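I open the notebook on this structure and write down what I look up, entry by entry.

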Amino acid sequence: MTLKRLTYNATARYTHDITTGFAGMRASQFHIRTTKETPNDAEIVSHQLMIRAGFIRRLGSGLYTLMPLGLRVVRKIEAIVRDEMNSAGAVELLMPSIQPAELWEESGRWEKFGPELLRIQDRHGRDYCLGPTHEEVITDIARRDIKSYRQLPLNFYQIQTKVRDEVRPRFGVMRSREFIMKDAYSFSLGEESLQACFDQMHTAYCNVFDRMGLEYRAVEADSGSIGGAQSREFHVLADSGEDAVVYATEGDYAANMEKAAVVCQTSRGDASESMATVDTPGVHTIAELSAKLDINETQCLKTLLVKGTTTAVVALVLRGDHQLNEVKAEHLDEVASPLTMADANDIKTAANCDAGSIGPVGLSIPVIADADAATMSNFVCGANENGKHLTGVNWGRDLAEPQIRDLRNVIEGDLNPMGTGTLKIVRGIEVGHIFQLGSAYSEAMGATVLDENGKPQVMQMGCYGIGVTRVAAAAIEQNNDAQGIIWPESIAPFEAVICPVNMVKSEAVQAAAEVLYQELKAAGIDVLFDDRPLRPGAMFADMELIGIPHRFVISDKLLANDEVEYRGRRDSESSVLSRSDVLTKLRK
């Protein structure tokens, strides 16, 4: 495979596509099998179109064969990823898919990983797993091979098949049991070197997704149970995305919903009402309370009880229209991890009522309020007595001032934490993740090196993943229309297609199509020559479904004027070009 380095234009976008070694193909010698029928289990556009266009074939639940068209797309994605990883100084290797249980027991993940870890035994009864990720294997390699600080930093990567026993495989290759992933792992001495590796991978990932022509966001993410200083996700923006991506209308701030910070926009008003008890029989939710008292949900306060660390339960208080951010809550020192809601007995003990009537007044447990809830005055809340609520409640007068924390999900229009503009929320598909692991694995598995003073030091690790097959599906989710897929040119199965009209009846059309095919191949264009005996309508429909970026039609009528018909996949109409302008058109 030959790779050609690309150059940036003034807008920091690559101006040419990577040369992957694909040099064109005749449709009669290729395998193209499209269908008009959409499988019943195909819920999202990418799954539907990948099946209909013949990119994948289902073998079993969450298991798909990459058909020739699909494999060409994946190989082009891999080529871009490999080129950028190599340019960033990462070293490619290939680790086994089957991993011994002993390594996972060393890291403590054999039991912790959960049922997604597909476990197997060999004929001797020894335990193994099919690798969903390779932190343990790469750490074992590092502790064996890296002995001195002079060998650092090092970054290893692979492009390999992963296996996860998904409880509910769905959305085709978007969430399957077996998928192709690029995973990389860096080893550094010290946090400063780790940060440099992390920043280098961030740049490489931006280059990858820029070259693929995808609209994406790099967002701050939660580090989860492993910890680490930084975690950043890369999301392709699409309405079908499972994740909420938050970004600022001004400035560079972006985060996923779990991590997005809230800036309180209100200040507390005067305590102008007296606290009173009202009957609210059958009221259990904020919506029911708002309707019963004919007030806005923003005037209501809701109290949630969760398991605590030093006390049985902790009260978390939010404004009625806001939603608890469970990840933020779980990170509180007072709250037990994993976050667990109090059960009926806990609620009865702490508040002497059922869940629908809890309020912060009179509670003898820690009370932590979201900043917006803490600025409320004259609010309505539960009375800790079934069928009753309190009105006109005020902090500092009717109950103690709470501890104040950021507890809620952001909503559109919240202020940008960086101080400029407001926040917007879009849907995204996570296709990449870069992560500072720190010493979580290296310490557990004894991966140390000797520093310049000859003393052993635990190596600092980073991990960096791109879901290769998921990128293909995400690109379709972002680029499609009623006719089919619209591939970005750099990852399309073919860059261009030649469609001869009635070639079987016209030697002139056949000869002209052959000449153009050879000319484009010689120029390095990955071109498909559709020499199948199809009617023009069927041929064009197939090519639109498959999503090839450039289509050139040759017919006797066009040949009479030394012309070809051109249509870009995003064009609403066709145009006529001089035969001599075809290469110029493609090079533009």
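**Strands 18, 19 and 14.** I looked up the pairing of strand 18 with strand 19 (residues 388–393): three bridges join them, and they run antiparallel. Phe379 has Val393 in strand 19 as its bridge partner. Since this is a predicted model, I read every value here as computed. I then traced the sheet, which is open, has three strands in the order 14-19-18 and pairs antiparallel. Strand 14 (276–279) and strand 18 (379–382) are its edge strands, each pairing on one side only. From one strand to the next the twist averages 30°.

**Strands 6 and 7.** I went to strand 6 (residues 118–121) and found four bridges to strand 7 (residues 127–130), the two running antiparallel. Leu118 has Leu130 as its bridge partner in strand 7. The two strands form a hairpin with five residues between them. I noted Gly125 in the turn, where phi is positive at about 80°.

**Strands 29, 30 and 31.** Which residues of strand 30 (residues 563–568) point to the buried face? I listed Val564, Tyr566 and Gly568 on that face, all buried. Glu563, Glu565 and Arg567 point to the other face and are not buried. In general, side chains in a regular strand alternate between the two faces of the sheet. I checked the neighbours of strand 30 next. Strand 29 (residues 550–554) is joined to strand 30 by four bridges and runs antiparallel to it. Phe552 stands opposite Tyr566 of strand 30. Four bridges also join strand 30 to strand 31 (residues 575–578), again antiparallel. In that pairing Glu565 stands opposite Val576 of strand 31. The hairpin from strand 30 to strand 31 passes through six residues.

**Nonpolar core.** I looked up the largest nonpolar core and found 70 residues in it. Those with the most contacts inside this core are Phe55, Ile77, Phe209, Met212, Tyr464 and Trp487. Helix 6 (residues 191–211) gives the core its largest share, nine residues. I took Ile77 as an example and set aside residues up to four places away in sequence. Ile77 then touches Met212, Val468, Val471, Ala472 and Ile491.

**Aromatic pairs.** How many aromatic pairs are there? I have the count as twelve. One of them is Trp104 with Phe113, edge-to-face, at 5.5 Å centre to centre and 85° between the planes. I checked the exposure of both members. Trp104 counts as buried because its relative accessibility is 0%. Phe113 is at 24% relative accessibility and therefore counts as partly exposed. I then looked at Tyr216 and Phe234, a tilted pair with 6.5 Å between centres and 35° between planes. This pair links distant parts of the chain: Tyr216 belongs to strand 10 (residues 216–220) and Phe234 to strand 11 (residues 231–237), 18 residues apart. Both Tyr216 and Phe234 are buried. I followed the ring pairs further and found Tyr205, Phe209, Tyr216 and Phe234 linked into a cluster. Phe209 is also listed among the core residues with the most contacts.

**Charges over rings.** I recorded two cases. Arg119 has its charged end over the ring of Trp110, 4.8 Å from the ring centre. Arg217 has its charged end over the ring of Tyr247, at 4.4 Å from the centre.

**Ser46.** I placed Ser46 in helix 1 (residues 45–52). Is Ser46 buried or exposed? Ser46 counts as buried, because its relative accessibility is 1% and the limit is under 20%. Leaving aside neighbours within four places in sequence, I found Ser46 in contact with Met174, Ala473, Ile476 and Glu477.

**Ala196.** I placed Ala196 in helix 6. Ala196 has a relative accessible area of 45%, so I entered it as partly exposed. I also looked up its separation from Pro153: the two are 43 residues apart in sequence and 9.6 Å apart in space, C-alpha to C-alpha.

Notes
Residues are numbered from 1 along each chain as its sequence is written. Side-chain values use heavy atoms; hydrogens and water are left out. A nonpolar core is a set of buried Ala, Val, Leu, Ile, Met, Phe, Trp, Tyr and Cys residues joined through side-chain atoms within 4.5 Å. Buried means under 20% relative accessible area, exposed over 50%, partly exposed in between (1.4 Å probe, protein chains only). Contact means heavy atoms within 4.5 Å. Rings of Phe, Tyr and Trp (its six-membered ring) pair if their centres lie within 6.5 Å; planes under 30 degrees apart count as stacked, over 60 as edge-to-face and the rest as tilted. A charge sits over a ring if NZ of Lys or CZ of Arg is within 6 Å of the ring centre and within 35 degrees of the ring normal. Two strands pair if DSSP finds at least two bridges between them. Axes are lines fitted to C-alpha atoms, for helices over the stretch in contact, and angles run from 0 to 180 degrees between N-to-C directions.
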